[in-house]
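Reader: Could you take me through one part of this model in detail? I'd like to look closely at the ligand site.

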Amino acid sequence: MARPEMEGEWIEGWPDRKKARIMPSKDDQGRTIFARAPVLELGGLTTPTDASYIIAQLNMADPIHPDDYDFKVTGLVEKPLVFNFEEIQQLPSYTVRTTMECAGDDGEYFRWQKEGGPKPSRLKVQEEQGGWNQMAGEDEDGANIDEIFDAIPTTCLVSGGEWTGVRLRDVLELAGVKPEATHVHLVGYDEGRPDPTPIYLSTGRTDIEIEDPGVINYDKALDLTKATDPDTILAWAQNGEYLRHVHGAPLRVIVPGWSGNWSVKWLKEIELLDYEKPCYYQTQYFVLGEGPDDPNKVPCKELGVKSIITNPIDEDSPLEAGTHRICGYAWSGLGAITRVEVSTDDGESWEDAHVEPSNDRWLWRRWSFKWDVSVTGKYVIKARATDEEGRTQPQTPWNFQMKHFDGIVPVDVEVV
Ligand SMILES: Nc1nc2c(c(=O)[nH]1)N[C@H]1C(S)=C(S)[C@@H](COP(=O)(O)O)O[C@H]1N2
Ligand SMILES: [Mo]
């Protein structure tokens, strides 16, 4: 007789195990343009592709068959080149494991820290809302910011993955970068007119003037230093399989350490420039500053240093007195995590957590702390991470777009 654990619903684990799947939002044509990763339900370092977050800022690109795919290298190069999918795979391959985090991940915690109110929960269920593109509304009042907030939780926009492809610097070397080049303009095949809704969402305001660049391709101008970093790659595979369309197939950029928006999907063109092109998603949207008119606002680049607590969460309260596991992930935009500390008394005192050793400097690390608690009462649990550069969480100050949140989010539990 067949053993139940060898087939049927046991094949994917125990039958009542919650499967790690993305929490998607679709556009009006049914395409997934936004999806959160079930970060609280992951059991390791590599986020399964089915569970990796997804962001398409403009319209989702049309699918491109690898046989019909090419991209070009243009601008300040000795020899402009065109690569097809086969030619790019003939170059020496390279694999990098990295955390990818959307610049807007956890942005709503900035608002909560500033304004108070109910603490945002990573468990919040995402409503199908027809895509954020539709949310701004046609009525003269424009978008209702509370409705937008309700419909688009910003948490769980982070994943860990393994990416295989070729080093961008190898491709640049073949084309011969001219000495005056300073930036690499990366252009995606997707095009559309940027929707102001995400800016309303991040600023919490609908009354601001937003520049309308018209129809554009998604693009970024990456400086040559980061572009030629040996870990910056053009990837055709994620987590051991060829890229899926939503993640940028056939070929995308991966820029470890910098927020996800640099990792241009559906790569169409690489153009060498001698200036930092003011791309919309570089100078208008993914910026750190005090306000839209802040003369000192700067593009979001490397992430800060951050840990999140995945267990316990507020919703687990009350806990029985006894021994509990406090654990989570930690990552940094400048390299490896070297230390995570835990406090169970609202930051009065801190103790070192166990941090998993790893050879992957860009990949998040798991950390854990065994908590013996016998005294009943209310507890505020906190975690803070430190990276190899000596930076300790939090690093990123409040900014009007609420990008790169790396603050300490307390967990409130009662022990009974
Ligand atoms: N061409 C293109 N590349 C893009 C985007 C996009 O909209 N178009 N979104 C960016 C953003 S904001 C993020 S966070 C990451 C998300 O990558 P993923 O969808 O594979 O998780 O892709 C980036 N690359
Ligand atoms: Mo993003």
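How do the residues of the shell around ligand 1 divide into nonpolar, polar and charged?

Author: Happily! This is a predicted model, in which local features need pLDDT of at least 70 and side-chain atom pairs count only at pLDDT 80 or more, while totals for chains, interfaces and linings use all residues. Residues are numbered from 1 along each chain as its sequence is written, chains are lettered from A and ligands numbered from 1 in the order in which they are written, and side-chain values use heavy atoms, leaving out hydrogens and water.

The shell around ligand 1 has 10 nonpolar, five polar and three charged residues (Ala, Val, Leu, Ile, Met, Phe, Trp, Tyr, Cys and Pro count as nonpolar, Asp, Glu, Lys and Arg as charged, and the others, Gly among them, as polar). In total, 18 residues surround the ligand (a heavy atom within 4 Å), and the closest are Tyr53, Asp190, His247, Arg252 and Lys265.

Now for the polar contacts (N or O atoms paired within 3.5 Å). A backbone N or O atom of Tyr53 lies 2.6 Å from an oxygen atom of ligand 1, and a polar backbone atom of Ile55 is 3.0 Å from a ligand oxygen. Asp190 uses its side chain instead: one of its N or O atoms there is 2.7 Å from a nitrogen atom of ligand 1. The protein covers 99% of the 530 Å² of accessible area that ligand 1 has on its own (Shrake-Rupley method, 1.4 Å probe).

Notes: Polar contact = N/O pair within 3.5 Å; in protein donor to acceptor, adjacent residues only side chain to side chain.
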